[in-house]
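This report goes through a single protein model, from strand pairing to one residue and then to the chain as a whole. The sequence and coordinates come first.

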Amino acid sequence: SSASSASFSFQAPKKVAISLIDGGEETITIINHENENVDLSLWRVLLEKGKKEFIIPKETVLESGKYLKIYAGNKNVYKTFDKFNLWWAESVSITSDEIGVLVDNQKNQISKYPTLTPF
């Protein structure tokens, strides 16, 4: 029926989005598709299955076309952390079947990964 197919209608990609949750690398990647820089200060990444929340630090501005990575798991695997390579916690486990939600500082849901997950 047309009603059931409508729920799988194509959604245009959000301008700032979680583009990947990688359980092997234990990373979450956020990309900025906007034509301008976006201030991600105090935005949150929520992991629905793991029931965890990551708060992006103040003064984190993601330039147009650039991405930010959040790392968890074994810290020794990664060389350097900076504004765009953020350390979460060794105690947090990120799995590939995780559902991630990006929420802005006004608590608006901006992006969900995987994108076919219903809001």
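In what sense do strand S4 (residues 44-47) and S5 pair, and over how many bridges? The two strands are antiparallel, and four bridges link them. The model is a predicted one.

## The four-stranded sheet

The pair belongs to an open sheet of four strands, ordered S5-S4-S9-S10, in which the pairing is antiparallel. At the edges stand strand S5 (52-55) and strand S10 (109-113); each has a single partner strand, so one side of each lacks a neighbour in the sheet. From one strand to the next, the twist averages 20 degrees.

Within the S4 and S5 pair, the register can be read from one position: Arg 44 lies opposite Ile 55 in S5. In general, the strands of a sheet are paired through backbone hydrogen bonds, in a parallel or an antiparallel arrangement.

## The hairpin of S1 and S2

Strand S1 (residues 16-22) and strand S2 (residues 27-32) run antiparallel and are joined by six bridges. Ile 18 has Ile 30, in S2, as its bridge partner.

Four residues lie between the strands of this hairpin. In the hairpin, Glu 26 adopts a positive phi near 55 degrees.

## Surroundings of Val 38

Val 38 is part of strand S3 (residues 38-39). Is this residue, Val 38, buried or exposed? Its relative accessible area is 13%, and because the cut-off for burial is under 20%, Val 38 counts as buried.

Beyond its neighbours within four places in sequence, Val 38 contacts Val 16, Asn 32, Trp 43, Thr 60, Val 61 and Leu 62. Of these partners, Val 16 falls within the residue range of strand S1, and Asn 32 falls within that of strand S2. A further distance concerns Lys 15, which is 23 residues from Val 38 along the chain; the C-alpha atoms of the two are 9.7 Å apart.

## The chain as a whole

The secondary structure consists of one helix and 10 strands. Along the sequence the pattern is α-β-β-β-β-β-β-β-β-β-β, with the helix ahead of the strands.

Of the 119 residues in the protein, 39% are buried. Among contacts with a separation of 6 or more, 51% are between residues 24 or more positions apart. The exposed area of the protein is about 7,300 Å², and 52% of that area is supplied by carbon and sulfur atoms.

Note on methods
Residues are numbered from 1 along each chain as its sequence is written. This is a predicted model: local features need pLDDT of at least 70, side-chain atom pairs count only at pLDDT 80 or more; totals for chains, interfaces and linings use all residues. Side-chain values use heavy atoms; hydrogens and water are left out. Two strands pair if DSSP finds at least two bridges between them. Axes are lines fitted to C-alpha atoms, for helices over the stretch in contact, and angles run from 0 to 180 degrees between N-to-C directions. Buried means under 20% relative accessible area, exposed over 50%, partly exposed in between (1.4 Å probe, protein chains only). Contact means heavy atoms within 4.5 Å. Accessible areas come from the Shrake-Rupley method with a 1.4 Å probe; for residues, only the protein chains shown count as cover.
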